[in-house]
Every structure is written in C-alpha cells, then in structure tokens.
Amino acid sequence: MNKLTLTPNFGADADAFYAELIAAQAGLSDEAAADWLARLTLILCNHIGDREVLRQAFAVAHERHD
C-alpha cells in the first residue's frame with residue numbers, strides 16, 4: 001500500500017508555490033475560483049492515479065476540516 005505524504009514536500013520553495021497558487025486564481029470570482037480549484041483537484045487526482053493514496057487524502061481532508 002502506498003502512503004500519502006503529509007510532511008512538507010516543497011523544500012525552500014514552499015512560499016513561492018503558495019504565491020503561485022494564489023496568483024493562479026487572481027481576478028476570478030469566488031465561483032470561478034471554486035470551479036478552477038475543482039478542475040485542478042481532478043487533474044492532480046488523475047496524475048496521482050493511486051486510489052488508495054487518494055482515499056487517504058480524502059480522509060485527512062475530512063479530519064482537518066471537522
């Protein structure tokens with residue numbers, strides 16, 4: 001079974017990545033930003049392709065949301 005990586009994995013570029021993520025949504029309405037984020041999520045889930053890892057991610061997302 002593959003394991004979901006939960007430790008920081010961006011190295012010294014974590015702040016730059018976050019800035020790019022925010023910039024990619026600049027100028028979008030809340031609804032358009034939500035649509036963009038949903039499309040990005042599906043693209044990345046497809047790229048990961050490991051359903052067990054994705055199930056782990058879903059569970060962690062729920063835990064951290066509650």
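This passage walks through the fold, the largest pocket and a few individual residues of a predicted model.

Starting with the overall layout, the chain has three helices and zero strands, so there is no sheet to worry about under the DSSP-run assignment used here. Read along the sequence, the pattern is simply α-α-α. The helices are H1 (14-24), H2 (30-48) and H3 (51-65). In overall dimensions, the C-alpha atoms fill a box of roughly 40 × 30 × 25 Å along the principal axes. The radius of gyration comes out at 14 Å, whereas a compact globule of 66 residues would sit near 11 Å. On the surface side, the chain exposes about 5,700 Å², and carbon and sulfur atoms supply 58% of that area. Just 14% of the 66 residues count as buried.

The largest pocket holds about 1,100 Å³ of space. It is lined by 27 residues, and the closest to the pocket centre are Leu4, Thr5, Leu44, Ile48 and Ala57. Each of H1, H2 and H3 puts at least two residues into the lining. As for chemistry, the lining breaks down into 19 nonpolar, five polar and three charged residues.

Helix H2 gets a quick geometry check. With 19 residues at 1.5 Å a residue, H2 should span 27 Å, and its end C-alpha atoms are indeed 27 Å apart, so expectation and model agree. After H2 comes Gly49, with a positive phi near 70°.

Two residues within H2 make a handy pair to look at. Asp30 is found in this helix and, because its relative accessible area of 72% is over the 50% cut-off, it is classed as exposed. Measuring along the chain, Leu42 is twelve residues from Asp30, and their C-alpha atoms are separated by 18 Å. Leu37 also has its place in H2, but its relative accessible area is 39%, so Leu37 is partly exposed. Leu37 and Gln25 are likewise twelve residues apart along the chain, with 8.6 Å between their C-alpha atoms.

Asp50 belongs to the loop between H2 and H3. Despite being a charged residue by class, Asp50 counts as buried, because its relative accessibility of 19% falls under the 20% cut-off. Asp50 also pairs up with a residue from far back in the sequence: Leu4 is 46 residues away along the chain, yet the two C-alpha atoms are 9.9 Å apart in space. Leu4 is also one of the residues closest to the centre of the largest pocket.

Terms used: Residues numbered from 1 in each chain as written. Predicted model: local features only at pLDDT ≥ 70, side-chain atom pairs only at ≥ 80, totals over all residues. Heavy atoms only, no water. 1 Å grid on protein atoms, 1.4 Å probe; cavity = no way out; pocket = protein on both sides within 12 Å on 5 of 7 lines; lining within 4 Å. Points joined across faces, edges and corners; volume = space filled by probe spheres on them. Helix = DSSP H or I, 4+ residues; strand = E, 2+ residues; numbered from the N terminus. Expected span 1.5 Å × (residues − 1). Rg over C-alpha atoms; globule rule 2.2 N^0.38 Å. Buried < 20%, exposed > 50% of the residue type's maximum accessible area, 1.4 Å probe, protein only. Areas by Shrake-Rupley, 256 points an atom, 1.4 Å probe, with all protein chains shown as cover.
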